Amino acid sequence: MAKFTYLVSVITPDRVGLTRDIAQTVVDLHGYISDMRQTIVSGFFSLVFVTEHSDEVGTPLHDALRKILPEGAVLSIMPDPEKVRKALPVVGPRYVAIASGEDKPGVMLLISDFMASHNINIEDWSTLFDGAHVTHLAYVTFRAPCTDLKATQVAFKQAMAERGFTAQLCHEAIFRATGEVAPIKSVIQE
């Protein structure tokens with residue numbers, strides 16, 4: 001049986017039930033959502049997902065989604081995303097990068113430049129605002145072996161301190177061990 005895969009991106013003003021309506025549209029076309037990320041950014045709903053179908057449904061999927069989205073919504077459908085994507089090698093475990101301080105221009109550039117210059121890929125990044133204070137939280141992975149993790153961690157702290165931010169780069173197990181309800185031993189052994 002042939003499998004048709006689509007990478008779909010939707011950006012639109014938020015409303016209750018959007019995720020349900022999109023999922024229903026996929027199911028109505030006999031599809032399966034195999035991967036997804038949904039978030040709200042400044043009141044805008046953002047959803048990126050991969051859907052798999054036994055039949056080619058690119059045009060019907062586009063038309064059905066357009067019917068449930070308001071005018072002006074951004075909708076993009078990429079057929080066969082595997083043909084376009086180049087797999088990045090994953091080297092080692094995931095880390096969590098946190099930087100916290102007074103919100104100011106250029107901090108996002110500083111963090112992303114640090115990560116790129118150390119061959120670290122940002123897999124997921126969000127910001128949490130509390131008035132003028134912001135916390136950047138990112139899941140990252142090294143794309144080449146890190147020869148001196150401690151030096152990289154210190155360099156990240158120093159780079160952020162120069163902008164008045166406190167920062168740390170820690171293995172994700174540290175956050176999982178303090179945030180999950182499970183024996184620590186089971187979290188560390190994964």
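# Exercises on a predicted model

The buried residues of helix α5 are T152, Q153, F156, A159 and M160; buried means under 20% relative accessible area, exposed over 50%, and partly exposed in between (1.4 Å probe, protein chains only). The model is predicted, so local features need pLDDT of at least 70 and side-chain atom pairs count only at pLDDT 80 or more, while totals for chains, interfaces and linings use all residues. Residues are numbered from 1 along each chain as its sequence is written, and side-chain values use heavy atoms, with hydrogens and water left out.

**Exercise 1.** Find where the buried residues of α5 fall when seen down its axis.

*Solution.* Step one: recall that the buried residues of α5 are T152, Q153, F156, A159 and M160. Step two: seen down the axis, these buried residues fall within an arc of 130°, so they line one face of the helix. The arc is that of the directions from the helix axis to the C-beta atoms. Step three: the buried residues pack against β5 (91-102), α4 (107-117), β6 (120-130), β7 (133-142) and β8 (166-171), where contact means heavy atoms within 4.5 Å. Helices (H or I, at least four residues) and strands (E, at least two) are DSSP runs, numbered from the N terminus.

**Exercise 2.** Compare the span of α5 with the span expected at 1.5 Å a residue.

*Solution.* Step one: the expected span is 1.5 Å times one less than the number of residues. Step two: for the 13 residues of α5 (residues 149-161) this gives 18 Å. Step three: the end C-alpha atoms are 18 Å apart, which agrees.

**Exercise 3.** Describe the surroundings of T152, leaving aside its neighbours within four places in sequence.

*Solution.* Step one: T152 lies in helix α5. Step two: T152 has a relative accessible area of 9% and is therefore buried. Step three: its contacts are F114, H118, I120, F142, C146 and L169.

**Exercise 4.** Work out which parts the salt bridge between E123 and R94 ties together.

*Solution.* Step one: a salt bridge is a side-chain nitrogen of Lys or Arg within 4 Å of a carboxyl oxygen of Asp or Glu. Step two: the side chains of E123 and R94 meet in such a bridge (3.5 Å, N to O). Step three: E123 lies in strand β6 and R94 in strand β5, so the pair ties together parts that are 29 residues apart in sequence. Step four: E123 is partly exposed at 36%, and R94 is partly exposed at 29%. Step five: R94, E123, R143 and E172 are linked in a network of salt bridges.
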